[in-house]
Amino acid sequence: RREDAPLLAVVTSLFAAVFNGYIPSLPNALKRICYSFWASEAFFSENTLPFRGTFKVQTISAPLWGYALDRFGIDMGLVLAIGVAYRVAAFVLMITLHRDKQR
């Protein structure tokens, strides 16, 4: 129903926040198909850059969350690719499902 769209948007954004890699017990495949995991990896990589000589970011922190460091371009490319793929899938489903209810 049309009035359920705002609720669906909120629930979807909450799922994106949960599946972005902050729960280490989630399966890797589930984390990797979510754009927010790659955005979090890029954010973590860039923000820990000044502290790599002081703290053990490469040996302790990054492996704990499953992040690979120093690949900001790849991470942002994957965010873009996953976002485009989700939008294309949503558009195809919107066009193909419930054709009789469309104006």
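Two residues are regarded as in contact when heavy atoms of theirs lie within 4.5 Å. The structure described here is a predicted model, and this criterion is applied to it below, beginning with Thr48. Thr48 is placed in the loop that runs between helix 3 and helix 4. With neighbours within four places in sequence left aside, the residues in contact with Thr48 are Val57 and Leu69. The relative accessible area of Thr48 is 11%; since the cut-off for a buried residue is under 20%, Thr48 is classed as buried. Its side chain is also directed to backbone oxygens of helix 3 residues or their surroundings in sequence: the backbone oxygen of Phe44 is reached at 2.7 Å, and a polar atom of the Thr48 side chain lies 3.5 Å from the backbone oxygen of Ser45.The overall architecture is helical, with five helices and zero strands in the protein chain. Along the sequence, the arrangement reads α-α-α-α-α. The radius of gyration is 18 Å, well over the 13 Å given by the globule rule for 103 residues, so the protein chain is more spread out than a compact globule. The C-alpha trace spans about 60 × 25 × 20 Å along its principal axes. Of the 103 residues in the protein chain, 22% are buried. The exposed surface of the protein chain amounts to about 7,600 Å², of which 70% is supplied by carbon and sulfur atoms. Among contacts with a separation of 6 or more, 52% involve residues 24 or more positions apart.

The largest nonpolar core comprises nine residues, namely Phe37, Trp38, Phe44, Val57, Ala62, Tyr67, Leu69, Val79 and Ile82. At least two residues of this core come from each of helix 3, helix 4 and helix 5. The greatest contribution is that of helix 3, which provides three residues. Val57 and Leu69, the contact partners of Thr48, are both members of this core.

Aromatic residues were examined next. A pair of aromatic rings is described by the distance of the centres and the angle of the planes. Rings are paired when their centres lie within 6.5 Å, and by this rule four aromatic pairs are counted. In one of them, the ring centres of Phe37 and Trp38 are 5.1 Å apart and the planes meet at 80°, so the pair is edge-to-face. Phe37 and Trp38 are both buried. Another pair joins Phe37 to Tyr67, with centres 5.5 Å apart and planes at 55°, so this pair is tilted. Phe37 belongs to helix 3 (residues 35-47), whereas Tyr67 is found in the loop between helix 4 (57-65) and helix 5 (72-96); the pair therefore ties together parts that are 30 residues apart in sequence. Like Phe37, Tyr67 is buried. One aromatic cluster is formed by Phe37, Trp38, Phe44 and Tyr67, and these four residues also appear in the list of the largest nonpolar core.

An acidic residue, Asp75, was also considered. Asp75 is located in helix 5. Its relative accessibility is 0%, and Asp75 is accordingly counted as buried. Apart from neighbours within four places in sequence, Asp75 is in contact with Trp38, Glu41 and Ala42. One of these partners, Trp38, is itself buried and takes part in the aromatic cluster.

Key
Residues are numbered from 1 along each chain as its sequence is written. Side-chain values use heavy atoms; hydrogens and water are left out. Rings of Phe, Tyr and Trp (its six-membered ring) pair if their centres lie within 6.5 Å; planes under 30 degrees apart count as stacked, over 60 as edge-to-face and the rest as tilted. Buried means under 20% relative accessible area, exposed over 50%, partly exposed in between (1.4 Å probe, protein chains only). Helices (H or I, at least four residues) and strands (E, at least two) are DSSP runs, numbered from the N terminus. A polar contact is a pair of N or O atoms within 3.5 Å; within protein, one must be able to donate a hydrogen and the other to accept it, and residues adjacent in sequence count only if both atoms are side-chain atoms. The radius of gyration is taken over C-alpha atoms; the globule rule is 2.2 Å times the number of residues to the power 0.38. Accessible areas come from the Shrake-Rupley method with a 1.4 Å probe; for residues, only the protein chains shown count as cover. A nonpolar core is a set of buried Ala, Val, Leu, Ile, Met, Phe, Trp, Tyr and Cys residues joined through side-chain atoms within 4.5 Å.
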